[in-house]
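Q: Hi! I would like to learn how to read strand pairing and burial from a structure. Could we work through one together?

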Amino acid sequence: MVSEHGSQIAYPLPHVAHCKMRPWVVLVFAVSLLLPCESQGPSAVTPVFVQKGGDVLLNVDADVPEDFSFVEWNVNKTVILVRFPPGGEEPTVFENYTGRIEFPEKKYSVKLKNLKEADRGVYTAKLSLLQGDQTLAQYNVTVQDPVSPVNLTVISVDSRSSECDLTVTCRTQDSHINSTFRCDNQTCSQEGGEQSEVTTSGASLRIYLSNGSIICNHSNQVSWTEDIKIIGHLCLQPDDNTESIENTVYEIPQVGTTAQPLDQSPTDDASGLSPTSTYCLVGPHTGPQETNKTRDTTVPESLYATVDKSARSLNN
């Protein structure tokens, strides 16, 4: 303080009693101040995934005492959805959620409809009491778009007599993975095992082998799509027992050579011991026309007929 003559006057400081508090005393005192403000109920936050445009049911399973001030649902501890007054009175729905909230039979539970990406967040049911607030339920809601379609494409096929190697690609609109499969007559295997990755949209893209099929799967927590190809349809093996009629080559008779007549007996030539084919040249029909009979067209016409040579008699 400054005197009327301009000089400063010093006053002695009052005596302060110093009290040294133990650390645990300070901690207990601080906790005791917090307890009346908010009493925590269920502490677990339940994750919930909802497809965009879908609904979500937020349940309250905890018991609620009768002497409460109100029960309130909020999101991210700032925006209030609905408030339930005591005595079974009608709940108050706040403006942003008018027409979007339904009330199931269970008390204080709500169904939020037509969710958008902006609706993601932590939803908390809070019980307000005279001595403080209590958490009844908490849900961490994530809103996701459905996954895009997926396409499984065969890049190459190396098919051999007993083995088949396949290289395929599993593709979605923003990602793709490749994989190679090797098969033999008994089993198939995937080189490196199942292939997977997380796409830029946060979904899972997988390609794997299951029951003789290659499966390309694109999924998230709310939707999935897949494309399947059967390995047996890709690794076609030729059938050794199948003969093509078009590829059958017949012995061609030579015009001008001696053909054995049909009524000629086998000769004693030693060459007759080996089975051969004997042909008889047949010319076009020269007899009278048969106008009253229907010609059988089911039997194919031929320029020659095949006649089996009779086996040589052992008595000769």
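Q: Let me begin with one pair of residues: which residue in S17 does Ser-204 stand opposite?
A: Happy to help, and please keep in mind that this is a predicted model. Strands of a sheet pair through backbone hydrogen bonds, in either a parallel or an antiparallel way. Here, Ser-204 faces Ser-219 of S17. The two strands concerned, S16 (residues 204-210) and S17, are antiparallel and share seven bridges.

Q: What is there to see in the hairpin of S16 and S17?
A: Look at the turn and its backbone angles. Two residues lie between these strands, and Asn-211 has a positive phi near 50°.

Q: How many bridges does S17 form with strand S18?
A: Seven bridges, again in the antiparallel sense, link S17 to S18 (residues 224-230). As an example of a bridge, Ile-214 is partnered by Lys-229 in S18. S17 and S18 also make a hairpin, with four residues between the strands.

Q: Why can S17 be called largely enclosed by the rest of the structure?
A: Here the cut-off matters: a residue is buried when its relative accessible area is under 20%. Seven of the seven residues of S17 (residues 213-219) are buried, so the strand is largely enclosed by the rest of the structure.

Q: Which residues of S17 lie on each side?
A: One side carries Ser-213, Ile-215, Asn-217 and Ser-219, while Ile-214, Cys-216 and His-218 are on the other. All of these residues are buried, and both faces of S17 are therefore covered.

Q: What share of the chain's residues is buried?
A: Across the chain of 316 residues, 25% are buried. The chain exposes about 23100 Å², of which 52% comes from carbon and sulfur atoms.

Q: In what order do the strands of the open three-stranded sheet run?
A: To read a sheet, follow the pairings from strand to strand. The order here is S3-S8-S7, and the pairing is antiparallel. S3 (56-58) and S7 (101-102) are the edge strands, each pairing on one side only. Between S3 and S8 (residues 110-112) there are three antiparallel bridges, and Val-56 stands opposite Leu-112 in S8.

Q: How many helices and strands does the chain have?
A: There are two helices and 20 strands in the chain. For a view of contacts along the sequence, take those with a separation of 6 or more: residues 24 or more positions apart account for 50% of them.

Terms used
Residues are numbered from 1 along each chain as its sequence is written. This is a predicted model: local features need pLDDT of at least 70, side-chain atom pairs count only at pLDDT 80 or more; totals for chains, interfaces and linings use all residues. Side-chain values use heavy atoms; hydrogens and water are left out. Buried means under 20% relative accessible area, exposed over 50%, partly exposed in between (1.4 Å probe, protein chains only). Two strands pair if DSSP finds at least two bridges between them. Contact means heavy atoms within 4.5 Å. Accessible areas come from the Shrake-Rupley method with a 1.4 Å probe; for residues, only the protein chains shown count as cover.
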